[in-house]
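This report introduces a protein structure to a reader who has not met it before. It treats enclosed and open spaces, backbone features and the surroundings of one residue.

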Amino acid sequence: MSQSVEISNSQQLSFEDFKKEVLDDYKIAKLSRECSLLGRREVLTGKAKFGIFGDGKEVPQLAMAKAFKNGDFRSGYYRDQTFMMAIGELNPQQFFAGLYAHTDIQQEPMSAGRQMGGHFATHSLDENGNWKNLTAQKNSSADISPTAGQMPRLLGLAQASKIYRNVKGLESFSNFSDKGNEVAWGTIGNASTSEGLFFETINAAGVLQVPMVMSVWDDEYGISVHAKHQTTKESISEILKGFQRENDTNGYEIFVVNGWDYVQLIDVYNKAAEVARTKHIPVLIHVKELTQPQGHSTSGSHERYKSKERLQWEQEFDCIAKMRQWILEFELTDEQGNVLRFVDNEEELTALDKKLKKEVSVAKREAWNNFINEIKAEVTEATNLLEKVAAKSANASFITKYKNDLTAIAEPIRKDILVACRKSLRLIREENFAEKIALQNFIKDRIKDAGVKYSAHLLSETEAATTNVSSTAPTYDSEKNIVDARIVMRENFDAILKKHPEVLIFGEDAGHIGDVNQGLEGLQEKYGELRVSDTGIREATILGQGIGMAMRGLRPIAEIQYLDYLLYALQIMSDDLATLRYRTFGKQKAPLIIRTRGHRLEGIWHSGSPMGGIINNIRGIHVLVPRNMTKAAGFYNTVLEGDDPALIVECLNGYRLKEELPTNLGEFKTPIGVVETIKEGSDITIVSYGSTLRIVEEAAKELAQVDIHVEIVDAQSLLPFDVNHDTVKSIAKTNRLLVVDEDVPGGASAYLLQEIVENQNAYIHLDSKPQTLTAKAHRPAYGTDGDYFSKPSAEDIFEKVYDIMHEANPQKYKSLY
């Protein structure tokens with residue numbers, strides 16, 4: 001019997017192989033469906049907090065998995081559980097471990113319980129934080145919940161293949177790419193295609209012509225809202241027809257396929273993979289006529305908003321039901337006249353269904369036991385301690401009640417343990433015995449352990465952490481070579497690009513003209529359009545390009561032209577880049593460098609100082625604010641040696657100022673998290689950063705004329721700030737503190753004040769109230785006068801400091817007003 005059938009990745013299969021593949025696919029689909037059904041029940045019974053599942057999308061995800069190869073990357077949607085199962089990166093027990101938020105990365109490899117179920121990732125890093133061979137595994141970038149937020153990153157994952165295929169010098173990066181033959185696969189719900197990030201990414205991928213296959217799972221609804229309220233013509237493929245490539249134009253291949261048609265889906269996905277992989281042409285696959293059997297999530301019921309006719313249709317066109325029907329009806333006659341079938345009768349499939357249902361139930365039970373028994377062991381330890389404490393305490397009855405209440409909880413969580421123990425500790429605060437010390441140590445150990453479980457890996461905790469990079473001072477010729485400061489930047493970028501073939505710089509105006517301030521002048525001509533390139537005006541996907549390429553071993557520098565424009569990309573920075581290492585428990589990283597310029601700009605839209613919002617939205621990214629171009633260049637050199645993402649804000653009004661050109665370009669390094677005292681003084685410490693420091697220096701000279709001697713501390717980096725606590729040493733000498741900031745009141749100045757007064761305990765050295773001098777609450781009006789009357793001026797600083805000194809010594813410093 002040699003009947004062959006073409007079904008998987010264009011390979012010719014015997015019928016027996018074909019039969020096995022079809023039935024294996026059916027098993028995966030049914031396993032996934034049973035996980036969804038049982039998962040919902042686990043939420044509704046209270047064992048899990050929330051559930052959002054992939055039911056109704058199983059069959060197209062099987063087809064996608066068949067075309068997905070080692071080295072490929074997924075940037076997806078929180079309903080892709082069947083796909084993850086099909087590529088061998090998720091099993092039912094792990095699925096339920098995620099639902100229960102198990103904090104053990106071995107049990108719950110997606111995020112160690114940090115993300116809700118449905119958010120999937122593979123491990124790009126080994127136990128030591130080093131890159132694994134990404135070409136030897138199937139890869140999934142870690143999902144995020146914000147709809148369409150996965151799109152910008154997808155663009156970068158795809159662009160990396162184009163870079164690896166076309167840029168010379170990357171031959172040794174074979175762990176990241178096989179000559180650029182990898183495809184980046186995106187998935188999204190049809191309603192989320194209404195988001196601007198979707199359209200921005202689709203347009204950018206069409207321009208760049210990168211190997212990206214975008215699947216839209218279309219079940220006609222976005223939660224309760226029908227497609228007629230979401231999409232023009234109720235069809236994303238219809239309105240994107242203008243992106244269809246034609247002769248001598250760039251663009252997309254667009255496929256439309258029904259989500260219940262197993263055979264056609266496999267054919268479409270194989271064709272899509274072929275065109276994307278070989279020709280680097282992006283593809284859109286609109287998968288229609290899908291269902292969502294349990295509704296959007298466990299938060300509600302779809303019976304509330306779907307008609308009876310729609311619900312009936314969903315039962316009939318459920319993709320697994322249709323696949324099951326196809327399996328039962330399939331017949332093929334071989335050359336000998338034998339009739340070939342997948343199964344002999346329906347009972348065979350029914351028996352298989354029951355077996356798979358039981359398998360999922362067993363996996364659920366094992367996942368729950370692994371989760372709860374770990375906590376119950378801690379409960380036992382706690383109750384034993386509380387029993388011993390109660391035996392020694394005058395408050396035994398109260399402590400025993402806490403112990404009994406804890407014991408009575410059938411399904412405890414760690415919060416229950418700590419609440420009982422910490423409340424008991426209050427009752428013995430005036431008592432002393434050995435068991436009290438044991439209870440104190442238990443509480444401390446549990447809190448320390450929780451720090452690992454719930455707070456570790458915000459930034460790199462490996463030897464490659466950027467804060468571990470040693471500083472290197474710039475060196476100079478004996479004869480000073482004074483140049484425009486932009487030349488320092490240009491020559492340092494030149495050295496970086498020459499030294500690191502994996503570095504790319506891109507952004508608006510970054511390529512042909514060498515950026516608006518000429519910091520990249522001539523470098524595109526020298527290194528080519530792929531390494532120094534222009535982009536469209538699309539900040540979110542500029543960030544996404546950087547994130548995706550950084551996740552694949554490249555070292556991109558993504559340029560956002562001005563600091564104010566960073567707001568376009570802030571959501572991607574905050575929700576994706578800043579959380580990546582954290583939400584994967586240290587198993588993925590994207591050491592992207594974001595280059596921008598700001599400080600002391602003029603006008604509402606170019607004032608350049610939304611710093612308080614930035615630093616409080618992007619914890620997980622270093623924020624570096626150098627005062628000049630030499631310091632900025634040193635930061636680029638430092639960050640490239642580490643493995644954390646960073647935002648570097650250059651001083652826009654500093655490019656034409658004069659600086660001395662270092663001789664060790666590409667080598668000198670500005671340390672991260674280290675302040676610098678740029679003027680010593682005895683009366684007051686002023687902390688500031690960026691371009692405002694030049695105004696502080698001007699005011700300090702004028703204050704010296706009235707016998708007030710200011711010590712000026714340059715923060716240099718805001719995240720992290722002053723890891724050596726050098727600022728408090730200055731305040732111990734001057735006993736006074738003023739933070740000067742061009743941000744709004746309560747912005748970065750409030751952050752700095754907390755860091756200095758609270759975290760560094762500077763309050764014990766203060767003889768005067770610590771104060772801030774900031775910009776006004778509004779944005780500056782246009783023009784120099786707009787800047788003068790909206791942000792701290794030299795006169796403002798002079799008078800603020802003078803007023804502080806007047807309060808301290810009114811006889812010496814007579815009131816100005």
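Is E289 buried, partly exposed or exposed? In this predicted model, E289 is partly exposed, because its relative accessible area is 31%.

**Backbone features**

Residue E289 belongs to the loop between β10 (283–288) and α9 (308–316). Although E289 is not a glycine, its phi is positive, at about 55°. Another residue other than glycine, D707, also has a positive phi, near 65°. The place of D707 is in the loop that runs between α22 (692–704) and β23 (710–714). With a relative accessibility of 35%, D707 counts as partly exposed. As a general background, most residues other than glycine have a negative phi, and most peptide bonds are trans.

A further backbone feature concerns a peptide bond. The bond that joins L719 and P720 is cis, with omega at about 0°. P720 lies in the loop between β24 (717–719) and α23 (727–734).

**Cavities and the largest pocket**

A search of the whole structure identifies five cavities of 30 Å³ or more. The largest cavity holds about 150 Å³ of space. It is lined by 19 residues, and those closest to its centre are F95, G98, G117, G118 and F120. Helix α4 (residues 92–100) supplies the largest share of this lining, namely four residues. The second largest cavity contains about 70 Å³ of space. Its lining has 13 residues, with L577, R581, A590, G620 and P645 closest to the centre.

The largest pocket has a volume of about 650 Å³. Of the 32 residues that line the largest pocket, Y100, A101, F371, I413 and Y454 lie nearest its centre. Two or more residues of the lining come from each of α4, α11 (346–392), α13 (414–427) and α14 (434–455). Among the contributors, α14 gives the most, with six residues.

The table sets out the linings by residue class.

| Space | Nonpolar | Polar | Charged |
|---|---|---|---|
| Largest cavity | nine residues | nine residues | one residue |
| Second largest cavity | seven residues | two residues | four residues |
| Largest pocket | 16 residues | six residues | ten residues |

**The surroundings of E742**

Where is E742 found? The residue E742 sits in the loop between β25 (737–740) and α24 (748–759). E742 is classed as buried because its relative accessible area is 3%, and buried means under 20%.

Which residues are in contact with E742, when its neighbours within four places in sequence are left aside? The contacts of E742 are H599, R600, S607, G608, S609, T692, A775, K791 and P792. Two of these residues also appear in polar contacts between side chains. The side chain of E742 makes one such contact with the side chain of H599, at 2.6 Å. The side chain of K791 forms a polar contact with the side chain of E742 at 2.9 Å.

A separation across the chain may also be given for E742. The C-alpha atoms of E742 and S424 are 48 Å from each other, and the two residues are 318 residues apart along the chain.

Note on methods: Residues numbered from 1 in each chain as written. Predicted model: local features only at pLDDT ≥ 70, side-chain atom pairs only at ≥ 80, totals over all residues. Heavy atoms only, no water. 1 Å grid on protein atoms, 1.4 Å probe; cavity = no way out; pocket = protein on both sides within 12 Å on 5 of 7 lines; lining within 4 Å. Points joined across faces, edges and corners; volume = space filled by probe spheres on them. Nonpolar A, V, L, I, M, F, W, Y, C, P; charged D, E, K, R; others polar. Buried < 20%, exposed > 50% of the residue type's maximum accessible area, 1.4 Å probe, protein only. Contact = heavy atoms within 4.5 Å. Polar contact = N/O pair within 3.5 Å; in protein donor to acceptor, adjacent residues only side chain to side chain.
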